[in-house]
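Q: Please take a close look at a single part of this model, the stretch towards the end of the chain, and set it against the rest of the fold.

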Amino acid sequence: ICGQGEASLPRLLASLPAKPEPGNGLDKETPGLVWREDGRIRVAAPDQRGYAGLQPDWRKVDCRKYRRSMFQAAVVVRSGCSYECSYCDVPKVFGAHFVPRDTESILDEIRVLRDERGVRMIFLNDACFNAPVAAAKDLLSAMMRAQLGVHFASTFNPVPGHYDDEF
């Protein structure tokens with residue numbers, strides 16, 4: 001699966017027959033599915049709707065195994081990106097526009113990771129966290145008001161106009 005797999009992977013698994021035979025199996029309409037057919041690589045258009053409304057089930061992840069890692073968990077802030085950097089595939093895979101998550105759902109996920117999984121270091125997953133800078137500041141302000149007590153990092157890109165003295 002290329003791109004978001006939260007809906008695509010279960011759909012793909014459900015489409016696989018118990019006993020595979022030539023000609024049956026893959027649901028080739030599964031968003032993001034990549035397969036080989038007639039010696040060529042085929043790709044179904046990826047799901048680019050973002051992560052709004054999706055809340056990960058962290059109970060299945062043993063976060064203790066990552067205590068010595070730089071980050072214990074990643075929280076998706078938004079998907080997609082409207083910039084076309086030559087080194088990046090985000091616009092093609094996740095969409096050429098930003099699809100943000102609701103701030104409260106982000107804070108709720110961080111609280112779950114902190115309270116139920118013991119996570120203290122979080123990566124805020126966003127291809128270009130600082131653009132637009134007002135959205136980044138709004139989320140950071142909400143995190144400070146929530147007094148989450150976690151450390152975090154994210155990806156900052158040198159997009160002109162998306163830094164200021166405060167940021």
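A: Buried means under 20% relative accessible area, exposed means over 50%, and partly exposed lies in between (1.4 Å probe, protein chains only). This is a predicted model, in which local features need pLDDT of at least 70 and side-chain atom pairs count only at pLDDT 80 or more, while totals for chains, interfaces and linings use all residues. Residues are numbered from 1 along each chain as its sequence is written, and side-chain values use heavy atoms, with hydrogens and water left out.

The setting comes first. The chain carries 4 helices and 7 strands (DSSP runs numbered from the N terminus, H or I of at least four residues for helices and E of at least two for strands), and from the N terminus on they follow one another as α-β-β-β-β-α-β-α-β-α-β. The C-alpha trace spans about 60 × 40 × 30 Å along its principal axes, and of the 167 residues in the chain 34% are buried. Counting contacts (heavy atoms within 4.5 Å) with a separation of 6 or more, 65% are made by residues 24 or more positions apart.

The part to examine can be entered at Pro132, which sits in the loop that leads from β6 (121-125) to α4. The peptide bond between Ala131 and Pro132 is cis, with omega at about -5°. Helix α4 itself comprises residues 133-146 and has Ala146 within it. With a relative accessible area of 23%, Ala146 is classed as partly exposed, and, once residues up to four places away in sequence are set aside, Ala146 touches Leu107 and Arg111. Ala146 and Leu9 are 137 residues apart in sequence, and their C-alpha atoms are 34 Å apart in space.

Gln147 belongs to the loop between α4 and β7. Its phi is positive, about 50°, although Gln147 is not a glycine; its relative accessibility is 66%, and Gln147 therefore counts as exposed. A second case of this kind is found elsewhere in the chain, at Asp38, where phi is near 55°, a positive value in a residue other than glycine. Asp38 lies in the loop between β1 and β2 (40-43), and because its relative accessibility is 71%, Asp38 counts as exposed.

Beyond β7 (151-154), the segment that follows the strand holds Asn157. Asn157 is buried because its relative accessible area is 14%. Leaving out residues up to four places away in sequence, the residues that Asn157 touches are Tyr87, Ala127, Cys128, Asn130 and Tyr163.

For a buried residue in a helix, one may turn to Glu109, which is part of α3 (residues 103-117). The relative accessible area of Glu109 is 2%, so this residue is buried as well. When neighbours within four places in sequence are left aside, Glu109 is in contact with Gln55, Pro56, Trp58, Ala74, Val75 and Arg101. Val61 is 48 residues from Glu109 in sequence, with 14 Å between the two C-alpha atoms.

Taken together, the stretch runs from the cis bond joining Ala131 and Pro132, through α4 with its partly exposed Ala146 and the exposed Gln147 in the loop after it, to the buried Asn157.
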